[in-house]
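The following exercises concern a single protein chain. Please work through each task before reading its solution.

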Amino acid sequence: MKILYTVIFFCFCWLNTTFAQHKLTKLWETDSALKVPESVLLDRENKVLYVSNIDGTDPWGADGKGSVGKVGLNGKIIATDWVTGLNAPKGLGLYKGKLYVADLSNIVVIDTKKSAIETIIKVDGAGGLNDISVGDDGVIWVSDSKNKKIFRVENEKASVYLENLKGPNGVLMHNKTLYILDNGSAYKVNTDKTLILLAEGMEGGTDGIENTGGDNFIVSCWAGAIWHISPGNKQLLLDTREEKKNTADLTYDADNKIVYVPTFWKNSIVAYRLD
């Protein structure tokens, strides 16, 4: 009987840990000086947030109005138009001082120290590049939401890695494993390119995905929802759809457990603590 109680106790502890409830607590929100912010990315080394500004009513417009902004970790906007000359910038990735920005059919490379565009990588065959993730090896992974593909870019040369998807957006290279969001579902991508379903039924345009430790992830949906997912579990953390407040491509500060979320049409970034 003692052994049985011990087994039950450890099972309870495991279940409690695995299916623990999480919550988001709002810390701050920037003012609305940003210009349709689609993606936000944490630069841990320089303690700053980079923000992609679409700046316009057409999220896919090649109008030359797009920019990248800078926001402090205290919620103060450092520069709305830190680097200009883009079109409709979306996903952001960072590697060795270079900021990679998905911009329609190009990846714009910004030198963060010089605060200037260094080069532009053309992705042949792309129709609407969206999210970006850069692995520890410098390989770039970028989704093409319009043509329903995932591209792999190495040494400035792009190749199609996955295709015939339903509506790809969020991509994340984490611990040498690729994760993607596709039409309301999250998947782990095996090395043979087969997909393992992690969670489904996340409506409103799955947008950004970040790892929060172990097999746990946080997922944003553009329409205004944030989910926490783990094996066998899915929890809605935030729902701002009735407020018509979007939750676009987020970023996560693992050290301080803070989630940063762009509000798109509301022109701000919101910071939440994840508990």
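**Exercise 1: Overall fold and dimensions**

The protein chain contains 1 helix and 24 strands, where helices (H or I, at least four residues) and strands (E, at least two) are DSSP runs numbered from the N terminus. The radius of gyration is 19 Å, close to the 19 Å that the globule rule gives for 275 residues, so the protein chain is as compact as a globular protein of that length. The radius is taken over C-alpha atoms, and the rule is 2.2 Å times the number of residues to the power 0.38. The model is predicted: local features need pLDDT of at least 70 and side-chain atom pairs count only at pLDDT 80 or more, while totals for chains, interfaces and linings use all residues. Residues are numbered from 1 along each chain as its sequence is written, and side-chain values use heavy atoms, with hydrogens and water left out.

Task: state what the C-alpha trace spans along its principal axes, and what share of the residues is buried.

Solution.
1. The C-alpha trace spans about 70 × 45 × 35 Å along the principal axes.
2. Of the 275 residues, 53% count as buried; buried means under 20% relative accessible area, exposed over 50%, and partly exposed in between (1.4 Å probe, protein chains only).

**Exercise 2: The nonpolar cores**

Task: identify the residues of the largest nonpolar core that touch the most other members, and the elements that contribute to this core.

Solution.
1. A nonpolar core is a set of buried Ala, Val, Leu, Ile, Met, Phe, Trp, Tyr and Cys residues joined through side-chain atoms within 4.5 Å.
2. The largest core has 15 residues, and Tyr100, Ile107, Leu129, Ile132, Ile140 and Val142 touch the most other members.
3. Two or more residues each come from β7 (98-103), β8 (106-111), β10 (129-134), β11 (140-144) and β12 (149-154).
4. The largest share, 3 residues, is supplied by β10.
5. Beyond four places in sequence, Tyr100 touches residues including Tyr95, Ile107, Ile132 and Ile140, a contact being heavy atoms within 4.5 Å.
6. A second, separate core of 13 residues includes Leu172, Ala186, Ala225 and Ile229.

**Exercise 3: Positive phi values**

Task: for Asp55 and Ser115, give phi, the loop and the accessibility.

Solution.
1. Asp55, a residue other than glycine, has a positive phi near 55°.
2. Asp55 sits in the loop between β3 (48-53) and β4 (66-72) and is buried, with a relative accessible area of 18%.
3. Ser115 also has a positive phi, near 55°.
4. Ser115 belongs to the loop between β8 and β9 (116-122) and is partly exposed, with a relative accessible area of 30%.
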